[in-house]
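This report looks at enclosed spaces, a bound ligand and the packing of domains. The structure is shown below, and the discussion follows it.

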Amino acid sequence: MTVTDAPKIVTSRLGYDDSHTLERYLATGGYEGLRKALSMTPEDVAKEVDAVSLLGRGGAGFPAGRKWSMLRKAPTSYLVVNGDESEPATFKDHLLIERDPHQLVEGVVIACYALQVTTAFIYIRGEFALGLERVTAAVNDAYGHGAIGRDIFGSGFSIDIVVHPGAGAYICGEETALLESLEGKRGFPRIKPPYFPAAIGLYGEPTVVNNVETLSNLPWVLSNGSAAFTALGEGRSTGTRLFALAGHVKNPGVYEVEMVKTTFRDLIYAPVLGGGIPGGRELKAFIPGGASAPWFGPDQVELPLGQDEVGAAGSMLGSGSVVVMDDSTCVVRAAWRITRFFWRESCGQCTPCREGSGWLEKILRRIEDGEGRESDLELLMDISDNLAPGVSWPPQQTTICVLGSSIPSSIASAIRMFRDEFLLHIKDGSCPQGPAPHG
Amino acid sequence: MTQSHLAPEVMARARDIVALYPHPRSALIPLCHLAQEQDGWLRPEAMAEIAELVGITPAEVLGTASFYDMLHTEEVGTYVVTLCTNIACMLRGAYELLHHAEESLGIRTGSTTADGVFTLEDAECLADCGRAPCLQVNHRFFGDVSPEGFDKIVDDLRAGRLADEVPHHGTLVRTERDGGLRVEAETITAERRATAAAMAERAATAAAASEAKANG
Ligand SMILES: Cc1cc2nc3c(=O)[nH]c(=O)nc-3n(C[C@H](O)[C@H](O)[C@H](O)COP(=O)(O)O)c2cc1C
Ligand code: SF4
Ligand code: FES
């Protein structure tokens with residue numbers, strides 16, 4: 001097992017207790033990337049970002065440079081930062097928001113300059129009370145330092161940044177729902193097309209939406225150059241990425257590792273990373289990219305952490321979360337809990353999603369409670385087929401947003417990998433792991 | 001003049017927030033957080049004033065607020081305990097902890113203790129899964145919570161020993177923007193126009209150069 005000695009691009013300051021302060025930020029190269037950017041033309045900054053193949057870290061993995069190039073030309077345009085982080089078991093942006101808010105702010109200003117947008121909004125999930133405090137304080141200090149506001153560092157470029165709190169709704173992470181929420185409405189995803197807010201976004205104006213981690217890479221890219229970034233990783237998956245490792249591992253936490261050069265095995269077992277599974281237990285399955293991602297089994301741990309590699313294997317790196325389940329895990333309960341999440345968070349606009357999630361949750365619950373029927377497995381797949389025809393990967397969509405088509409991922413994986421365990425619940429009329437506590 | 005329900009200092013902060021946005025309605029969620037900071041929950045009187053501040057009807061405020069889990073349209077306890085039971089926390093004993101919490105507080109999930117001190121909720125992922133099982137009290141995090149740890153948090157809250165860590169309601173209670181927007185619309189328009197012109201000129205020069213090259 002090897003863990004490459006790639007530089008820490010977004011977590012370099014986390015060793016300091018005061019990593020969130022302007023003083024520490026300036027003492028560790030802070031705002032140098034922005035100064036560099038302002039000495040270049042906006043086109044050249046955009047080119048530099050396009051050159052590094054910075055794949056979006058929010059879930060969809062769309063290259064930032066390409067997204068930026070689609071921004072419709074208009075007198076008013078916006079950058080919106082997605083800090084809603086609510087995908088189950090994803091907790092990397094939380095770290096960046098609380099521990100290195102200036103890095104985010106600097107990334108935002110660099111992006112605004114490249115895009116020549118007029119105002120940026122940083123949308124942070126409402127539960128991050130400390131995160132909201134820290135980012136707002138960073139914005140205040142950055143104004144004082146001349147890094148935001150009028151005539152930034154004497155460059156003749158000006159912007160304002162507004163920090164905006166959410167109020168508890170997973171769906172607001174979907175970028176069009178986020179824009180609705182930012183407009184003061186219910187977080188209902190918008191009907192596509194247009195597929196990108198770059199055409200019609202906030203208040204109907206062209207808007208780029210980027211994830212917190214995506215933008216936090218920019219100061220380093222500008223300071224160190226695109227070549228240093230693309231020297232890391234492989235293929236389209238360049239640089240490093242944050243992985244939030246959770247579940248049955250010795251050391252759950254957020255790890256920044258080099259893409260592709262690191263495997264799931266490294267992440268889960270390396271002593272300096274996950275440290276393996278506690279209690280001498282064995283790996284049963286793991287979820288590679290958030291609750292929306294199909295599961296992997298122990299035979300897939302050698303897969304590299306690369307977007308295309310994981311995609312070809314039938315799942316996704318998604319939001320950069322890895323949930324490890326050991327051999328004591330009841331997979332019916334796990335699939336039920338994930339489905340319950342989707343049911344609770346469905347915004348309710350689309351019938352297959354609103355109704356389907358509820359039915360799936362109830363059926364899984366009754367199997368877990370030992371009241372399932374043999375025909376339930378077929379029924380689960382049938383309802384899943386209504387949500388994502390064919391239940392293939394990547395999923396087909398019948399709904400306004402991909403929350404709906406993501407629901408079958410865990411159910412189909414669990415049934416495919418552990419059919420016998422479902423059947424045992426049904427045959428024995430109980431869960432082999434004992435009755436589940438109700439929720 | 002009748003006195004407003006929102007206290008003058010809350011009203012002043014609310015107006016500052018409205019001024020940050022191109023359209024007042026965008027301030028709706030932050031203003032709801034402010035109202036909860038004052039009242040603990042969203043009282044109808046507060047929603048009526050928020051409606052006025054952002055230029056919509058009280059029904060629209062309620063209709064929007066009711067979409068969001070953090071906005072309480074009914075009264076809640078002094079401390080809202082939200083315990084995550086999503087996958088990563090469940091794998092590390094969240095439901096066992098939730099049961100313990102119900103027994104220890106003597107209430108079911110979703111309700112408030114008779115003395116009005118605690119409301120218990122089961123939450124979706126709070127993005128602190130590295131310290132599972134975890135919970136929030138008035139949106140301040142507690143990680144790696146054992147049943148004994150839970151009881152200690154409850155005791156400490158009752159005894160006022162966590163007053164520094166866990167403030168009163170309202171997720172923005174310690175968030176204060178110093179100053180409003182700094183850049184006037186005209187400045188932005190002028191700058192952007194100048195940059196767009198310069199960019200167009202660079203593009204034209206580059207196009208001419210490449211054409212000259214192609215021609216010989
Ligand atoms: C249901 C749903 C939830 C999402 N939640 C988040 C989220 O919490 N944070 C995030 O950055 N992106 C989330 N996304 C992805 C966003 O729609 C969008 O692709 C992303 O913010 C773009 O930024 P990026 O290109 O920098 O990754 C979600 C998408 C869906 C469909
Ligand atoms: S798929 Fe589900 S969450 Fe997405 S818009 Fe439809 S109902 Fe809402
Ligand atoms: S699963 Fe509990 S905080 Fe994420």
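## A cavity between two domains of chain B

In this predicted model, the lining of the largest cavity draws at least three residues from each of domain 1 (8-65) and domain 2 (79-159) of chain B. The volume of this largest cavity is about 100 Å³, and the count of cavities of 30 Å³ or more comes to 3.

Among the residues that line the largest cavity are the histidines B:His33, B:His72, B:His139 and B:His169, together with B:Gln36, B:Gly40, B:Asn138, B:Gly170 and B:Thr171. B:Met70 and B:Val80 also belong to this lining. Sorted by class, the lining of the largest cavity comprises 9 polar and 2 nonpolar residues, with no charged residue.

## The second largest cavity and ligand 2

The second largest cavity encloses about 80 Å³ of space, and its lining comes from chain A, with residues that include A:Ser346, A:Cys347, A:Gly348, A:Gln349, A:Cys350 and A:Cys353. Further lining residues of the second largest cavity include A:Thr399, A:Ile400, A:Cys401 and A:Leu403, as well as A:Ile171 and A:Pro189. By class, this lining holds 8 nonpolar and 4 polar residues and no charged ones.

Ligand 2 sits in the second largest cavity. Around ligand 2 there are 13 residues, of which the closest are A:Cys347, A:Gln349, A:Cys350, A:Cys353 and A:Cys401; these five names also appear in the lining of the second largest cavity. The shell around ligand 2 is made up of 8 nonpolar and 5 polar residues, and charged residues are absent from it.

## Domains of chain A and one contact between them

The domain assignment divides chain A into domain 1 (22-229), domain 2 (236-324) and domain 3 (331-428). For domain 2 of chain A and domain 3 of chain A, the C-alpha centres are 23 Å apart, and the contact between these two domains involves 14 residues of domain 2 of chain A and 15 residues of domain 3 of chain A.

Between domain 2 of chain A and domain 3 of chain A, an area of about 1,100 Å² is buried, and carbon and sulfur atoms give 72% of that area. On the side of domain 2 of chain A, the residues A:Lys284, A:Ala291 and A:Trp295 supply 58% of the area that this domain buries against domain 3 of chain A, which is more than any other three residues supply.

Conventions. Residues are numbered from 1 along each chain as its sequence is written. Chains are lettered from A and ligands numbered from 1 in the order in which they are written. This is a predicted model: local features need pLDDT of at least 70, side-chain atom pairs count only at pLDDT 80 or more; totals for chains, interfaces and linings use all residues. Side-chain values use heavy atoms; hydrogens and water are left out. On a 1 Å grid over the protein atoms alone, a cavity is a set of points where a 1.4 Å probe fits but cannot get out, and a pocket is an open set with protein on both sides within 12 Å along at least five of seven lines; lining residues have an atom within 4 Å of a point. Grid points are joined across faces, edges and corners, and a volume is the space filled by probe spheres set on the points. Ala, Val, Leu, Ile, Met, Phe, Trp, Tyr, Cys and Pro count as nonpolar, Asp, Glu, Lys and Arg as charged, and the others, Gly among them, as polar. Domain bounds come from an automatic or database domain assignment. A residue is near a molecule or strand if one of its heavy atoms lies within 4 Å of it. A molecule sits in a cavity or pocket if more than half of its atoms lie within 2 Å of its grid points. Contact means heavy atoms within 4.5 Å. Buried area is the accessible area (1.4 Å probe) that two parts lose on being put together, summed over both.
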